[in-house]
Amino acid sequence: MSLFSRIRDYFQPAPAPQQEPERYAPAPFSPDDEYFDKLEGAPSASGISVTPENAAGITAFWRAVQIVGGVIASMPFEVYEVTDDSAQRRRTHPISVLLRRGPNSRLTKFDFFQTMILHLLTFGNFYGVVYRNGITGSVERIEILPPQEVKVEENSR
């Protein structure tokens, strides 16, 4: 399937909702970020405040995130070594090999990048755990962490 076919298919009308929009429960959205705590939501033309929590329950919001994530995930990914005067593609680089075959046994390259973009667009961050070989130090797999469950702490050194 070509890129243009995927984009065209994304813009096909979604099925009509079975219930009125007011009856939808918002999707869980609880980042531990002070930025979102300070947001009170901007009033819309209907008079309802728009917040990250209730935006997450809107079908159009999720569809837009899905379109962006799918398009970016379907793009080719290459690893390059940059020198002073050129850039060389490195297809045998361990990260290139890892991402071509899939970052772990449960995810394809497409699923990994689509999830990464989904987390970046909805939560503002992507977190993954890199597992390395204890002897060689090479990357063996990457596991995705749910951003809403990650607490970032500053290391005071």
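Is Arg 106 buried or exposed in this predicted model? Arg 106 is exposed, and its relative accessible area is 60%. The close-ups below show where Arg 106 and several other residues sit.

**View 1. Strands E5 and E6 form an antiparallel pair.** Strand E5 covers residues 127-132. Strand E6 covers residues 139-145. Six bridges join the two strands. At one of these positions, Tyr 131 has Arg 141 of E6 as its bridge partner. Side chains in a regular strand alternate between the two faces of the sheet.

**View 2. Gly 137 takes a positive phi in the hairpin of E5 and E6.** Six residues lie between the two strands of this hairpin. The phi of Gly 137 is near 80 degrees.

**View 3. Glu 143 and Arg 106 meet in a salt bridge.** Their side chains come to 2.4 Å, N to O. This pair links distant parts of the chain, 37 residues apart. Glu 143 belongs to strand E6. Arg 106 sits in the loop between helix H5 (94-101) and helix H6 (109-123). The two partners differ in exposure: Glu 143 has 13% relative accessibility, so it counts as buried, whereas Arg 106 is exposed at 60%.

**View 4. Arg 141 forms a salt bridge with Glu 143.** Here the closest N and O atoms are 3.1 Å apart. Arg 141 has a relative accessibility of 33%, so it counts as partly exposed. Arg 141 is also the bridge partner of Tyr 131. Glu 143 appears again from View 3, where its partner is Arg 106.

**View 5. Glu 78 and Arg 89 form a salt bridge.** The closest N and O atoms of this pair are 3.9 Å apart. Glu 78 lies in the loop between helix H4 (59-73) and strand E3 (80-82). Arg 89 lies in strand E4, residues 87-89. The salt bridge therefore ties together parts that are 11 residues apart in sequence. Glu 78 is partly exposed, with a relative accessible area of 25%. Arg 89 is partly exposed too, with a value of 47%.

**View 6. Glu 78, Arg 89 and Arg 91 belong to one network.** Salt bridges that share partners join these three residues. How many salt bridges does a search of the whole structure find? The search finds five. Among them are the pair of Glu 78 and Arg 89, the pair of Glu 143 and Arg 106, and the pair of Arg 141 and Glu 143.

Notes:
Residues numbered from 1 in each chain as written. Predicted model: local features only at pLDDT ≥ 70, side-chain atom pairs only at ≥ 80, totals over all residues. Heavy atoms only, no water. Pairing = 2+ DSSP bridges. Helix = DSSP H or I, 4+ residues; strand = E, 2+ residues; numbered from the N terminus. Salt bridge = Lys/Arg side-chain N within 4 Å of Asp/Glu carboxyl O. Buried < 20%, exposed > 50% of the residue type's maximum accessible area, 1.4 Å probe, protein only.
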